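Let us walk through this protein step by step. Keep the sequence and the picture side by side as you read.

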Amino acid sequence: MDIERQMRMREVELNRILDELSDTLLERSELSYYIERFMKIYNEEDHDYPYMFRQSYGTISGKALSLNDKNPNAIDHICANLSNIQEVFWEEITRLSADISGNYLEIKEKGEVFNKINRLLDHISLEQIRIQLVYKKYEQKIEEIEEQAQKSLETYRDACKLSKEAIQAASNIKMEVVTILGIFAAIVLAFMGGINFSSSTIESIAKSPDHICEIVVIATICGFVVFNTIFVLMHVVSKIVGKPISEKCKTDDCNNCQDTSCWSLRRIRRKLPYVFWVNIMILGILLTACFAAQLA
């Protein structure tokens, strides 16, 4: 049997032991069985394995990674079982050393095997630390990626929300612009109609000075209608653009006002003084013209 095959057989046996040690924690009564198997692998005087066996750190590292992928607790089980095997093995070596009639060569062989098991444990412990560091680094990277993904998702949602709001606002602006333009057109027409009527009234007064009172009454009524129509249209525009044209009062919502002394006319005088006084003036002119027409 050539050396390469001998080494391969030992390596296969060592991997088989690591597989068994990774499954679960061994009972103390089972440890001696594995000590014997390690003796066959590492004992250079054993006739089945007469050539020196060197355990490869690369092979052990690959095996540890493979076992860790299958079972996250595999390396912990191996380290714990190897530590228990060392403890029992050392007790056995100590007992042989205390025996005066003990075989020196046997003690030496077991001491060498013990050292090799210790190096195996060191290799696996180092691999355990390396895996923990790698996994910790990956976990940190994953957390960073998840955090960035969450931020990107929130940014995307905010962008979608702003986009929808912008589209809705643009649509509303179009409707408001069309409505406001229509109302202003109506205001202009009403104003121009008022001017034309005023011109006609002046011409009528010039032509019929005897009926001046009746003409003033009609003109005052038309002025009252035109003025209040323009105000209503302006009020509609203010509601659309959200800019009030009324003066500030004690409260913005008159429906919830607690002032019981504030009735309709007083409310108009407080919030719309120009509308109130202009209408009072127009009504005053109308009453005066009516009274003068009766006297005439």
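Read along the sequence, the pattern is α-α-α-α-α-α-α-α. That comes to 8 helices and 0 strands. The model is predicted. How far does the predictor trust it? The mean pLDDT of the protein is 76, and 80% of the residues reach 70 or more. Confidence is highest in helix α4, residues 74-98, at a mean of 85. It is lowest in helix α7, residues 264-271, at 73.

Now take the chain as a whole. The protein has 296 residues, and buried residues make up 27% of them. Next, consider contacts between residues with a separation of 6 or more. Of these, 73% join residues that are 24 or more positions apart.

Turn to the packing of helices. Two packed helices are described by the angle between their axes and the distance between the axes. Start with helix α3, residues 57-70, and its partner α4. Their axes lie 8 Å apart, at an angle of about 120°. An angle of 65 to 115 degrees would count as roughly perpendicular, but α3 and α4 are oblique to each other. Which residues of α3 and α4 meet? On the α3 side they are Ala64, Leu67 and Asn68. On the α4 side they are Ala74, Ile75 and Ile78. This contact has 5 nonpolar residues, 1 polar residue and no charged ones.

Helix α4 also meets helix α2, residues 31-42. Here the axes come within 10 Å and cross at roughly 85°. That angle makes α2 roughly perpendicular to α4. From α2 come Leu31, Ser32, Tyr34, Ile35, Phe38 and Met39. From α4 come Asn81, Leu82, Asn84, Ile85, Val88 and Phe89. How do the residues of this contact divide? There are 9 nonpolar, 3 polar and no charged residues.

Stay with α4 for one of its residues. Histidine 77 lies in this helix. Is histidine 77 buried or exposed? Its relative accessibility is 18%, and buried means under 20%, so histidine 77 counts as buried. Leave aside its neighbours within four places in sequence. Histidine 77 is then in contact with Leu21, Ser22, Asp23, Thr24, Leu25 and Asn71.

Aromatic rings come next. A pair of aromatic rings is described by the distance of the centres and the angle of the planes. How many aromatic pairs are there? The count comes to 4. One pair joins tyrosine 33 and tyrosine 34. Their ring centres are 5.2 Å apart, and their planes stand at 75°. Planes over 60 degrees apart count as edge-to-face, so this pair of tyrosine 33 and tyrosine 34 is edge-to-face. What about their accessibility? Tyrosine 33 has 48% relative accessibility and counts as partly exposed. Tyrosine 34 has 8% and counts as buried. Tyrosine 34 is also one of the α2 residues that meet α4. Ring pairs also link Phe89, Trp90 and Phe114 into a cluster. Phe89 is among the α4 residues that meet α2.

Finally, move along to helix α6, residues 212-241. Isoleucine 212 has its place in this helix. With a relative accessible area of 37%, isoleucine 212 is partly exposed. How many residues separate isoleucine 212 and alanine 292 in sequence? They are 80 residues apart in sequence, but 9.7 Å apart in space, C-alpha to C-alpha. Valine 225 lies in α6 as well. Its relative accessible area is 45%, so valine 225 is partly exposed. Valine 225 and asparagine 279 are 54 residues apart in sequence. In space, their C-alpha atoms are 10.0 Å apart.

How values were computed:
Residues numbered from 1 in each chain as written. Predicted model: local features only at pLDDT ≥ 70, side-chain atom pairs only at ≥ 80, totals over all residues. Heavy atoms only, no water. pLDDT = per-residue confidence, 0-100. Helix = DSSP H or I, 4+ residues; strand = E, 2+ residues; numbered from the N terminus. Axes fitted to C-alpha atoms, helices over the stretch in contact; angles between N-to-C directions. Parallel < 35°, antiparallel > 145°, perpendicular 65-115°, else oblique. Contact = heavy atoms within 4.5 Å. Nonpolar A, V, L, I, M, F, W, Y, C, P; charged D, E, K, R; others polar. Phe/Tyr/Trp six-rings, centres within 6.5 Å; stacked < 30°, edge-to-face > 60°. Buried < 20%, exposed > 50% of the residue type's maximum accessible area, 1.4 Å probe, protein only.
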